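Colleague: I am new to this structure and would love a close look at one part of it. Could you take me through a single spot and then show me how the chain around it is built?

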Amino acid sequence: MNPTIQSAINKQINEELFSAYLYLAIASYAGSKGFPGLQNWMTVQAQEEIDHAMGFQIHLLRRGGEVELDAIEKPAKEFGSPLDMVKAGLEHEKHISGCINDLFDLAQKEKDFAFQSFLTWYIDEQVEEEEGAQELIDKMTILGDNGPGVLALDKELAARAYKPSSILIQ
Ligand SMILES: [Fe+2]
Ligand SMILES: [Fe+2]
């Protein structure tokens with residue numbers, strides 16, 4: 001296994017686990033502020049991030065690489081209004097899209113074609129992640145950040161259910 005690629009994958013495992021941590025923090029904050037639907041939506045998001053981390057872990061192991069888990073950074077504790085909570089998620093997803101793009105760039109420079117092929121799943125996934133957060137921001141902006149509209153939306157968000165990520169089923 002190419003050591004540069006191996007260390008980049010280990011770094012990305014940490015980024016994905018931090019994403020899970022961040023979404024768990026937002027979920028907890030949403031729950032504490034009386035938005036159980038947003039709590040559920042963010043919890044499902046956290047579960048998907050753990051899948052993303054495991055996707056990289058499995059790829060590294062299949063390629064004969066060594067997994068090295070690092071300490072996970074402490075996330076923030078307070079996130080403001082429901083709109084601010086989703087905006088924090090979108091900002092983070094943009095950062096992750098940048099990380100995935102950098103990984104693809106590295107895979108090209110190092111001529112690691114298998115890693116390039118593997119990464120296309122994450123490139124597509126990041127489009128969905130940013131799209132999903134933006135859709136929620138748009139809905140919240142239309143409904144206003146407070147009042148009955150937000151409560152109706154919160155009920156809708158309670159219906160989101162976790163499904164194992166397809167990156168784990170290949
Ligand atoms: Fe992710
Ligand atoms: Fe994500």
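Modeller: Happily; here is a walk around one proline and then the whole chain. This is a predicted model, in which local features need pLDDT of at least 70 and side-chain atom pairs count only at pLDDT 80 or more, while totals for chains, interfaces and linings use all residues. Residues are numbered from 1 along each chain as its sequence is written, and chains are lettered from A and ligands numbered from 1 in the order in which they are written.

Our spot is proline 75, in the loop that links helix H2 (36-62) to helix H3 (82-109); helices here are DSSP runs of H or I with at least four residues, strands are runs of E with at least two, and both are numbered from the N terminus. Proline 75 is partly exposed because it has 19 C-beta neighbours inside 10 Å; 20 or more would make a residue buried and 12 or fewer exposed, with C-beta atoms placed from the backbone. Beyond its neighbours within four places in sequence, proline 75 is in contact with Tyr21, Leu22 and Ala25, contact meaning C-beta atoms, placed from the backbone, within 7 Å. Serine 19 is 56 residues from proline 75 in sequence, yet their C-alpha atoms are 9.0 Å apart.

Stepping back, the chain has 5 helices and 0 strands. Of its 170 residues, 34% are buried. Its C-alpha trace spans about 55 × 25 × 25 Å along the principal axes.

Methods
Two residues are in contact if their C-beta atoms, placed from the backbone, lie within 7 Å.
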